[in-house]
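Here's a quick walk through how two chains and some of their helices fit together. Have a look at the model first, then read on.

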Amino acid sequence: MALAQPDKVQLFAEGGVSTLRLIVYLTIAMVLMVVDHRGEYLERLRAMASRVIEPVYRVAALPADAARAGRLAIVTQTQLADENRALREALLLAQVRLNRMATLTAQNERLKELLDVQGDLGLGVRLAHLVDIDLDPFRHRVVLAIGGNQGVGVGQPVLDAHGVMGQIVEVLPGTSVAMLLTDPTHAIPVTIERTGLRTIAFGTGAIDRLLLPNIPRSADVKAGDKLLTSGLGGRFPAGFPVGEVISVENDESGLFAAAAARPAAALDRSGDVLLLQDLPQPMGPPAPEPATPEGDAPPPPAGAVPAGSPVAPAAKPPAPEPTP
Amino acid sequence: MNRHRVQAWLFFGSLALAILLQLTPLPQPLLPFKPFWLALVLVYWAIEVPDRIGLGFAFLLGLFGDLLTGQLLGEQALRLVVLAFIVLRFRSRLRFFPMWQQALAVFALLLNDRVVVLMIRGFSGDPIPPPVFWAGPFVGMFAWPFVFLLLDDLRARLRAKDT
């Protein structure tokens, strides 16, 4: 093909590229990026192109699936037996705990009826399989094998057996994309189990690390403290494990403490995840009436500021956060 | 005619494979070291058959990549256009470089690509990535000879079969 037009070949010449065309294409790309950044039409475009995208995802996941199948095929029987025993023990423990929980739940129901509290602890979950592909090593996203056709919606929390993994940020007809807790643009409102202190855990971009900046220095936070979702912001239901504090240090300004935490969920191990079906009811103060006179609205609680939504400008799900 | 078709198969097949490789998962610690496969394959074709690869082709390829990764429409398009422009501009020289010099040139290209990414993400408000972000070009440099020799060998074989 290069020989097709020999008279056009010029040694050490500009070839077929002119700077003008470069500038034109760069301008188009930049306009696209700016428009997409503002209007987020890429998601609509992706939804339209999902018939092309989803098969590509499935094909790209094939080698990993094959590797897993291969590993399963050559695993020895003793290993399987060991795993089986461990799982059996875990199940037994979980059953015991569940039985105890059932009594507590019943008691809780009765008390709630007495108090006439609304609010439901019943959780609808559905199992979702991960499509094992990597969209971008520096953004922590996972692809789930269920999508809009199965009733998945943006904002649904994603859990695994150990804790919260993240939330759905994009839905295609047959697949959906979830942002993990550790994505650098993710934030989740948490409370510290021991003290009840409310704060926010930010993703760091490292798969095993969360950051809790801006903790008052007087606050009682220690390594080993468990973090739970606080339920503020209404995106994640309250009381799910998020992680464990591993160190507390002063931040650069010296005015606040900053804690590092390890996520509870096994974020880097692919497999099956749970998707919370019904979104949790927003907790905290109700949104103020539009007609409320100035200064009458309750101030938002300290932890509710980013309200569990990704702080990424690329994904702005409407967080039902109270705006005073 | 047949020869052209076989060559076209190799061309589009290699690009499709690069796109799939880009999406293929790796164990978590290795993930940041994944080279920009699409760029490597594009550079090869831009050096060898420049009349197939124009800036427009690089642009469309990048748009397709963006559609797949779903981050920011135009990001990979911009990166690949810049890459293709530099390669096409210096093609005549790159082509006759010995392998190690070519690998160094590819390293410089990928490093430049990293800077472009950093600029784009900086403007779109993303945080500064960790230092391991800069590891990609090194891996790309070491992967380049293999990509080059593999594709070159395949092309030579196809050509030999035809004649």
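## Where the chains meet

Across the interface of chain B and chain A, the rule finds zero salt bridges. Keep in mind that this is a predicted model. Salt bridges do turn up in the structure, though: over all chains it holds twelve.

So what does the interface have to show? Chain B puts 46 residues into the contact and chain A puts in 48. Between them, chain B and chain A bury about 4,400 Å², and carbon and sulfur atoms give 70% of that area. On the chain B side, L67(B), Q71(B) and L73(B) supply 15% of what chain B buries against chain A, more than any other three residues.

## One helix, two partners

Helix α4 of chain B (residues 75-89) is a good place to zoom in, as it packs against helix α1 of chain A (residues 19-39) and also comes within 10 Å of helix α6 of its own chain B (residues 99-123). Here are the two pairings:

| Helix pair | Axis distance | Angle | Crossing |
|---|---|---|---|
| α1(A) and α4(B) | 8 Å | about 165° | left-handed |
| α4(B) and α6(B) | within 10 Å | roughly 150° | right-handed |

How do α1(A) and α4(B) run relative to each other, parallel or antiparallel? Angles over 145 degrees count as roughly antiparallel, and α1(A) and α4(B) are therefore roughly antiparallel. The α4(B) and α6(B) pair is likewise roughly antiparallel.

Take the pairing between chains. From α1(A), the residues T19(A), L22(A), Y25(A), L26(A), A29(A), M30(A) and M33(A) touch E75(B), L78(B), V81(B), V82(B), F85(B) and R89(B) of α4(B). Sorted by class, that contact of α1(A) with α4(B) has ten nonpolar, one polar and two charged residues.

Now the pairing inside chain B. Here α4(B) brings E75(B), L78(B), R79(B), V82(B), L83(B), I86(B) and V87(B), and they meet L109(B), N112(B), D113(B), R114(B), V116(B), V117(B), I120(B) and R121(B) of α6(B). The class count for α4(B) with α6(B) is nine nonpolar, one polar and five charged residues.

## A salt bridge within chain A

Back to charges: the side chains of D82(A) and R85(A) form a salt bridge, at 3.4 Å from N to O. D82(A) and R85(A) sit three residues apart in helix α4 of chain A (residues 77-115), so about one helical turn separates them.

Note on methods. Residues numbered from 1 in each chain as written. Chains lettered and ligands numbered in written order. Predicted model: local features only at pLDDT ≥ 70, side-chain atom pairs only at ≥ 80, totals over all residues. Heavy atoms only, no water. Axes fitted to C-alpha atoms, helices over the stretch in contact; angles between N-to-C directions. Helix = DSSP H or I, 4+ residues; strand = E, 2+ residues; numbered from the N terminus. Parallel < 35°, antiparallel > 145°, perpendicular 65-115°, else oblique. Left-handed = near helix turned anticlockwise from the far one by under 90°. Contact = heavy atoms within 4.5 Å. Nonpolar A, V, L, I, M, F, W, Y, C, P; charged D, E, K, R; others polar. Buried area = accessible area lost by both parts, 1.4 Å probe. Salt bridge = Lys/Arg side-chain N within 4 Å of Asp/Glu carboxyl O.
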